Amino acid sequence: MEEIGAFLEYLRYERNYSEETGKSYKVDLLQFEGFANECELQLKDVNSNTIREWVVQMMDKGMSASSINRKLSALRSFYKYLLKQGKVTADPMRKISGPKKKKPLPVFVKEKEMDRLLDDIDFGDSFEGHRDKLIIQLFYETGMRLAELVGLNDSDVDFAAKVIKVTGKRNKQRIVPFGEELAKAMQDYLAERNQTISTLSGAFITKVNGDRIARTGVQNIVKENLSKVTTVKKRSPHVLRHTFATSMLNHHAELGAIKELLGHESLATTEVYTHTTFEELKKAYNQAHPRA
């Protein structure tokens, strides 16, 4: 406790740390001191293995990666101080790295909710109605990014081959196929657009004046329409991209094919969707199995 007290004084009066930070460091260091005592060790005698055992114990108790890393940060500062003061001859934190934070699983909309939006919700028969519904369909049926959809030109859509040329990150292009339903939706939209707008810019998705639609305009359209069918907090174009990938995987598409359709450079990026579907599988099991 003597070393901890001196360290906290050093933080407060020499490093000008706040009182709240000092309290937080004190809690973390006293917890570690308690663990060291259980191992019959003094703070100056612990080594890297002791600290790793402490990390394992905290993980076994279900502590989050961010909380563990915060405690290790306090310990790292403490042992740097002890080394500087000559109280220890080696820094036991030198080879310690904390647990990695779990990446949040992608948010997606359920298939039945997407079916309700596209089959039951009336978007209207105006230019804006055809356009807004098509925007939802393009995200859901191709998995393209917001910037990719906004950047689409009329020349990028090949109705004969039923493919769209998509320009992704770093101007990397890929070809995305589409089916009959999306083809009809695009043709209906184009017919309405070309009849409504006299001067066209070459952009595929436009505003009423013929100019290319802005990213914020698309985001608002997606958010407004997803709000009609789902309670997920995030209601963005990227959520529809996640929804596309999850639906493809649920219907047995190969991960490599999904990777190409999404324009991912690494398969590891695409693999996050396998975790999403596995979570859904676990949820279904826990709800349905009599002994779950």
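Is lysine 23 buried, partly exposed or exposed, and what is its relative accessible area? In this predicted model, lysine 23 is partly exposed, with a relative accessible area of 45%. Its side chain meets that of glutamate 19 in a salt bridge, with N and O 4.0 Å apart. Glutamate 19 is likewise partly exposed, at 48% relative accessible area. The two residues sit 4 positions apart in helix H2 (residues 19-38), so about one helical turn separates them. The pair also belongs to a wider arrangement, since Glu19, Glu20 and Lys23 are linked in a network of salt bridges.

A search of the whole structure finds 13 salt bridges, and two further examples are worth a visit. Aspartate 188 forms a salt bridge with lysine 184, where the closest N and O atoms are 2.8 Å apart. Both residues lie in helix H8, again 4 residues apart, or about one turn of the helix. Aspartate 188 is partly exposed, its relative accessible area being 31%. The second example links the side chains of arginine 170 and glutamate 265, with an N to O distance of 2.5 Å. Arginine 170 belongs to the loop between S2 and strand S3 (173-177), while glutamate 265 belongs to the loop between H11 and helix H12 (267-270); the salt bridge therefore ties together parts that are 95 residues apart in sequence. Arginine 170 and glutamate 265 are both exposed.

Arginine 170 also leads to the sheet. S2 and S3 form a hairpin with 5 residues between them, and arginine 170, in the turn, has a positive phi of about 55°. The open sheet holds 3 strands in the order S1-S2-S3, with antiparallel pairing. Strand S1 (157-158) and S3 occupy the edges with a single partner strand each, so one side of each has no neighbour in the sheet. S2 and S3 pair over 5 bridges, and isoleucine 164 has valine 176 in S3 as its bridge partner. On the other side of the sheet order, S1 and S2 run antiparallel and are joined by 2 bridges. Here aspartate 158 stands opposite valine 163 in S2. The hairpin of S1 and S2 has 4 residues between the strands, and lysine 162 takes a positive phi near 55° there.

Next comes the interior. The largest nonpolar core contains 47 residues, among which Leu138 and Phe204 touch the most other members. At least two residues of this core come from each of helix H5 (111-119), helix H6 (127-142), helix H7 (146-150), strand S2 (163-167), helix H8 (180-196), helix H9 (215-226), helix H10 (237-250) and helix H11 (255-262). H6 gives the most, with 7 residues. Beyond its neighbours up to four places away in sequence, leucine 138 touches Gly143, Met144, Leu149, Ile164, Leu182, Met186, Phe204 and Ile205. A second, separate core has 27 residues, including Leu29, Ala36, Met58 and Ala74.

How many of the 16 residues of H6 are buried? The count is 13, so H6 is largely enclosed by the rest of the structure. The 16 residues of H6 reach 22 Å from the first C-alpha to the last, close to the 22 Å expected at 1.5 Å a residue. Just after H6, glycine 143 takes a positive phi of about 75°.

Two further residues offer a contrast in accessibility. Threonine 50 lies in helix H3 (residues 48-60). At 5% relative accessibility, threonine 50 counts as buried, because the cut-off for that class is under 20%. Setting aside neighbours within four places in sequence, threonine 50 is in contact with Phe35 and Leu41. Leucine 267, found in helix H12, is partly exposed, with a relative accessible area of 35%. Its contacts, not counting residues up to four places away in sequence, are Leu255, Gly256 and Lys259. Leucine 267 and glutamate 181 are 86 residues apart in sequence, and their C-alpha atoms are 29 Å apart in space.

Key. Residues are numbered from 1 along each chain as its sequence is written. This is a predicted model: local features need pLDDT of at least 70, side-chain atom pairs count only at pLDDT 80 or more; totals for chains, interfaces and linings use all residues. Side-chain values use heavy atoms; hydrogens and water are left out. A nonpolar core is a set of buried Ala, Val, Leu, Ile, Met, Phe, Trp, Tyr and Cys residues joined through side-chain atoms within 4.5 Å. Buried means under 20% relative accessible area, exposed over 50%, partly exposed in between (1.4 Å probe, protein chains only). Contact means heavy atoms within 4.5 Å. The expected span of a helix is 1.5 Å times one less than its number of residues. Two strands pair if DSSP finds at least two bridges between them.
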